[in-house]
Amino acid sequence: MRRNTKEREIVYNIIDKLGHASTKQVREALKDEDISLATIYRNLTILLEENKIKKIRVSADEEIYETIKKAHFHFRCSICKEIYDVDKSLIHIEIAENSNLKNAEIGEHDIVFYGICPNCKKKMEEN
């Protein structure tokens with residue numbers, strides 16, 4: 001077991017505070033700290049290995065991190081790029097019986113919905 005360093009705690013706390021954070025956002029939030037980019041990446045990797053944070057792919061070229069909490073899905077606004085948590089219990093997903101999944105056991109999954117958030121939709125309607 002690795003010892004918990006001050007830098008790792010700072011990186012974790014930034015992600016927890018922001019809710020969802022890209023590596024760029026973590027680096028920007030830590031600009032006044034004396035923490036190198038290599039240290040940030042190393043601590044992100046360790047936090048992932050320790051299951052303290054989760055990585056979510058929100059587009060082909062962008063990943064975000066969040067602290068581990070109650071299972072949920074995500075919604076990303078196509079206009080402002082804001083990411084919202086979606087309560088998993090509000091969405092029912094059924095997997096149709098087919099020969100490929102008949103005896104499957106689903107483990108991890110990441111689901112990201114894309115659309116327009118209420119704030120952006122309201123702005124669009126006002127124009």
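Begin by selecting strands 3, 4 and 5, which form an open sheet in the order 4-3-5 with mixed pairing; strands, like helices, are DSSP runs numbered from the N terminus, with E over at least two residues for a strand and H or I over at least four for a helix, and two strands pair if DSSP finds at least two bridges between them. The edge strands, each pairing on one side only, are strand 4 (83-87) and strand 5 (112-115). From one strand to the next the twist averages 30°, where axes are lines fitted to C-alpha atoms and angles run from 0 to 180 degrees between N-to-C directions.

This is a predicted model, in which local features need pLDDT of at least 70 and side-chain atom pairs count only at pLDDT 80 or more, while totals for chains, interfaces and linings use all residues. Residues are numbered from 1 along each chain as its sequence is written, and side-chain values use heavy atoms, with hydrogens and water left out.

Keep strand 5 selected and add strand 3 (residues 72-77), since these two pair in the parallel sense over 4 bridges. To see one of the positions involved, pick Arg76, whose bridge partner in strand 5 is Tyr114. Strands of a sheet pair through backbone hydrogen bonds, either parallel or antiparallel.

Next, select Lys81, found in the loop between strand 3 and strand 4. Its phi is near 70°, a positive value in a residue other than glycine, and at 45% relative accessibility Lys81 counts as partly exposed, the classes being buried under 20% relative accessible area, exposed over 50% and partly exposed in between (1.4 Å probe, protein chains only).

Then move to helix 3 (37-49), whose 13 residues should span 18 Å at 1.5 Å a residue, in agreement with end C-alpha atoms that are 18 Å apart; the expected span is 1.5 Å times one less than the number of residues. Colour Thr39, Ile40, Asn43, Leu44, Ile46 and Leu47, the buried residues of helix 3. They cover an arc of only 165° around the axis, which puts them on the same side of helix 3, the arc being that of the directions from the helix axis to the C-beta atoms. These buried residues pack against helix 1 (6-18), helix 2 (23-29), strand 1 and strand 2 (62-67), with contact meaning heavy atoms within 4.5 Å.

Finish at Asn51, just after helix 3, where phi takes a positive value of about 55°. Asn51 lies in the loop between helix 3 and strand 1 (53-59), and at 57% relative accessibility this residue counts as exposed.
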